[in-house]
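Colleague: Could you take me through one part of this model up close? I'd like a look at a single residue and its surroundings, and then at a sheet.

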Amino acid sequence: MVKQVEQLDRVVIRFAGDSGDGMQLTGDRFTQETATFGNDLSTLPNFPAEIRAPAGTLPGVSSFQLHFADHAVLTPGDRPDVLVAMNPAALRANVADLRAGGILVVDSHDFTRRNLARAGYEHDPLEGDDLAAFQVHAIDLTGLATGAVEGFGLSRKDASRTKNMFALGLLSWMYGRPVEGTIEHVQNRFASKPDVAAANIASFRAGWAFGETTESFAVSYEVAPAPMPAGRYRNITGNLALAYGIVAAGQLSGLPVFLGAYPITPASDVLHELSRHKSFGVTTFQAEDEIAGVGAALGAAYGGHLAFSSTSGPGVALKSETIGLAVMLEVPLVVVDVQRGGPSTGLPTKTEQADLLQAMFGRNGEAPVPIVAPSSPADCFDAASEAARIAVTHRTPVMLLSDGYLANGSEPWRVPDVDALPRIDPRFADGPNTPEGFAPYARDPETLARPWAPPGVAGLEHRIGGIEKADLSGDISYDPENHDLMVRTRQAKVDAVAASIPPTEVDDPTGDARILMLGWGSTKGPIAAGVRLARAEGTPVAQAHVRHLNPLPPDLGDVLRRYERVVVPEMNLGQLALLLRARYLVDVRGYDKVRGMPFVSDELAQVIAEHALDLVRQDERTDSKERA
Amino acid sequence: MTSTDLPMPVLARDGLAGVPTTDAEQSRKEFASDQEVRWCPGCGDYAVLAAVQGFLPELGLRRENICFVSGIGCSSRFPYYLDTYGLHSIHGRAPAIATGLATARPDLSVWVVTGDGDALSIGGNHLVHALRRNVNLTILLFNNRIYGLTKGQYSPTSEIGLVTKSTPMGSVDTPFNPVSLALGAEATFVARTVDSDRKHLTAVLREAAAHRGASLVEIYQNCPIFNDGAFDAVKDADQREEAVIPLVHGEPIRFGAGGRHGVVRSASGGVEVVDVPDDADDAWLARLLVHDAHADDPTQAFALSRLTDAGHLQRAPIGIFRQVERPTYDDLTRQQVETAIGTSGPGDLQSLVDGPDTWTVG
């Protein structure tokens with residue numbers, strides 16, 4: 001049967017099912033196929049904090065959204081064009097997001113009265129007009145998958161569990177995805193259980209064949225590869241890129257890496273990943289608590305290792321005192337905060353940017369630390385080695401602020417040529433630095449960094465600690481003038497990091513924008529998508545993104561003052577806006593949402609439109625005043 | 001999950017293996033820093049400092065390969081007074097910081113100096129985990145049964161009823177027995193000594209430093225300002241013979257004038273002090289417990305630790321309770337890194353970032 005092929009420029013697909021249905025795996029595989037095919041893409045997994053909430057209930061629904069296109073993709077997509085729902089709860093939890101006219105693929109197998117009731121449906125939505133706005137394909141995916149794997153000797157339960165592979169096969173046919181990678185992946189994943197591997201592949205192929213041969217799918221779709229700069233690419237999540245960035249920083253500095261960490265969502269994958277790379281001289285220490293995680297990292301840093309401690313917001317709160325000690329000791333240390341919804345336990349699996357002020361000020365005394373924030377999953381690689389560079393060069397703890405959206409989201413990454421990455425020079429102290437001998441708190445005149453002098457070098461024996469230290473000697477000092485000098489010096493040292501920050505890139509293609517959209521961290525993609533929509537509607541708008549939150553880029557004040565209106569969307573209640581207003585006396589406007597989800601481009605386009613309108617009204621008021 | 005073959009235990013007396021030594025003659029003076037010592041007159045810490053400064057040259061280690069890490073409290077000022085590397089950290093966290101340092105640097109002799117408040121109250125979690133991991137550290141726990149630096153509040157080792165600034169009607173907290181706690185935390189080396197007994201203190205330090213793994217040394221230390229006389233029973237020349245139960249590996253446990261007391265197994269499964277009759281024959285004497293610090297089973301060491309008075313101290317066992325071999329956390333951790341490098345060669349960054357699933361554009 002020859003089927004029609006329709007060309008599309010972009011598609012957003014959401015896979016939704018029970019936590020145990022393998023939706024994350026299905027999404028990952030579809031993503032990998034899409035990446036291999038050459039589309040640009042962005043993904044957003046969304047799962048509950050509970051490992052296995054009761055089957056068939058709304059709290060147990062797990063989903064994975066993927067946006068792919070023949071052009072540059074900036075976000076995981078506002079609304080899905082295609083929803084794959086594996087049970088009634090998954091349908092109920094997600095169908096409101098599906099755009100009108102969208103494709104709905106539903107596994108009808110579990111639409112029993114009991115399961116419908118469990119999902120809160122009073123009647124079966126597959127019957128009647130509830131879903132009339134969509135192209136509905138209600139198919140017994142579970143039954144078809146079970147039939148396809150008959151003869152592989154699987155139990156009924158195991159056979160039905162291949163339904164996600166059937167769905168993946170069907171969707172892979174619909175969008176012409178390459179399948180070899182998935183087959184190879186399944187073979188490797190179940191290498192020790194060849195019959196399970198064979199059954200999953202059979203179910204996957206059956207799904208493809210079902211699309212190709214049945215009447216219910218008359219059309220398949222084609223999304224052409226996106227033009228991308230030449231190079232070698234892979235798909236990568238933020239946590240994986242961050243872990244690789246840590247490994248790379250070790251290699252680039254020639255230092256052994258030490259990670260001290262305590263398991264915490266959504267940062268644990270950094271610990272898991274680094275634990276696998278011991279052959280790079282990486283030591284991981286799963287500590288008894290957050291405090292010991294950073295304490296051991298500090299001990300390793302004092303001993304000359306490149307030390308990291310990875311955590312999320314609640315862990316940062318516990319590490320604060322040790323970070324303060326690192327400020328006093330002036331040793332290199334990177335604390336990774338993969339932010340999640342707060343306060344307290346908050347929303348462990350959801351994203352937020354509300355730890356900026358904690359990173360900035362969450363310690364006793366004047367305890368400044370540089371702060372770096374990656375802006376996309378792949379950018380976590382560069383941000384991690386940038387944080388390490390600052391820590392080592394300036395002898396200071398550094399906060400690296402990722403978040404749950406970056407951590408679990410993925411995008412294509414142009415793999416760097418590692419030989420071209422900038423080296424990090426640890427420059428250990430190797431002898432006396434003053435005519436009188438070794439002064440542990442004598443400073444580099446440019447960076448104000450003190451020597452890094454791990455134990456083991458004769459003649460440099462010295463004692464340091466958290467008590468205020470005399471300038472130069474580092475001996476205990478309670479002298480008022482000395483304390484004032486040391487507090488100011490530590491601040492000046494962090495301020496001096498600004499000299500190595502590149503100029504702020506402002507995207508203002510027409511040069512006549514009156515509004516600047518300014519963001520930090522993971523909002524870069526959504527803001528860019530909103531800006532793109534606004535421009536398409538004829539509103540000139542500029543965009544800039546802050547990567548170094550402390551110190552801020554030296555040119556940022558000038559950039560802000562160039563625009564009549566500066567709008568800062570943040571997934572908090574205006575933390576960067578507060579800092580900018582205090583620092584530059586610019587009337588920055590916030591746009592704040594804390595829903596545990598990234599911004600959608602539509603709403604940001606709307607925000608831009610409202611500010612544009614407000615500026616026009618302001619002009620009119622000024623004009624009428626002048627006429628009067 | 002697959003199991004991993006653990007290597008044979010390294011000899012537990014290899015505590016300083018891997019730390020560079022020197023042939024040069026070292027003196028006590030070389031280990032004294034130029035800092036003025038600022039403890040109260042009469043503080044037991046002076047005696048411990050003198051003993052440590054006097055003992056370190058005996059090890060013959062290069063001075064730059066010794067590091068003292070401390071927490072917060074009177075005793076935690078210790079590192080400032082030694083001309084080695086030193087890190088005066090934050091309250092309770094010294095064992096955690098030292099764990100990182102010892103794991104990162106097998107060429108260092110790492111010492112932790114802590115007190116009863118620092119180690120057992122705010123830092124209790126880190127202490128028990130350092131002990132169970134058996135990190136190669138020598139931990140000196142100065143126990144004065146009081147908070148000194150904050151001027152006299154009761155500590156987690158203070159006796160019930162102790163009247164202090166924060167307990168004007170007497171403390172109602174049950175105290176920790178640090179030796180029992182350490183044994184319960186799977187410690188491989190646990191000892192107790194007394195600040196004023198220089199000879200015994202030095203002998204215990206010698207064994208502790210030689211032990212590969214976490215060595216916990218509880219040092220009874222007098223605070224002359226806030227808890228003076230807390231350990232008089234074991235320090236005072238007139239009382240100590242009756243108060244100190246000496247633990248010597250391989251020896252029957254007997255003390256008091258003329259050895260008139262002994263330790264035997266009790267009906268309850270523990271141990272107890274009994275009087276040795278003047279006419280005790282060999283059969284009777286065979287009932288006396290022979291101290292075995294090397295027993296794999298810590299039960300007897302624990303039972304002995306319970307002979308310590310929890311209230312005002314009248315009697316306490318002194319000596320090495322337990323000294324057994326077990327692989328150390330830091331050795332095993334470094335071995336895993338070496339094994340990984342040995343098996344697959346040093347990691348190649350380019351192939352790591354490339355990963356298995358790449359595609360090429362252009």
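Modeller: Sure. One cut-off before we start: a residue is called buried when its relative accessible area is under 20%, and exposed when that is over 50%. Keep in mind, too, that this is a predicted model.

Let's begin in chain B with Pro156(B). Its relative accessibility is 16%, so Pro156(B) counts as buried. You'll find Pro156(B) in the loop that runs between strand 4 (138–143) and helix 5 (178–184) of chain B. Leaving aside residues up to four places away in sequence, Pro156(B) is in touch with Asp116(B), Gly117(B), Leu120(B), Ser121(B), Tyr147(B), Pro175(B) and Phe176(B). As for Asp118(B), it sits 38 residues from Pro156(B) along the chain, and their C-alpha atoms are 9.7 Å apart.

Now over to chain A and its sheet. Six strands make an open sheet there, in the order 3-4-2-5-6-7 and with mixed pairing. The edges are taken by strand 3 (40–46) and strand 7 (135–139) of chain A; each has a single partner strand, so one side of each has no neighbour in the sheet. From one strand to the next, the twist averages 10°.

Further in, strand 2 (residues 10–18) and strand 5 (residues 82–85) of chain A pair in the parallel sense, over four bridges. Ile13(A) is opposite Val82(A) of strand 5 of chain A. Helix 1 (residues 23–37) of chain A packs on this sheet and touches strand 2, strand 3 and strand 4 (61–69) of chain A. The direction of helix 1 makes about 10° with that of strand 4 of chain A.

How values were computed: Residues numbered from 1 in each chain as written. Chains lettered and ligands numbered in written order. Predicted model: local features only at pLDDT ≥ 70, side-chain atom pairs only at ≥ 80, totals over all residues. Heavy atoms only, no water. Helix = DSSP H or I, 4+ residues; strand = E, 2+ residues; numbered from the N terminus. Buried < 20%, exposed > 50% of the residue type's maximum accessible area, 1.4 Å probe, protein only. Contact = heavy atoms within 4.5 Å. Pairing = 2+ DSSP bridges. Axes fitted to C-alpha atoms, helices over the stretch in contact; angles between N-to-C directions.
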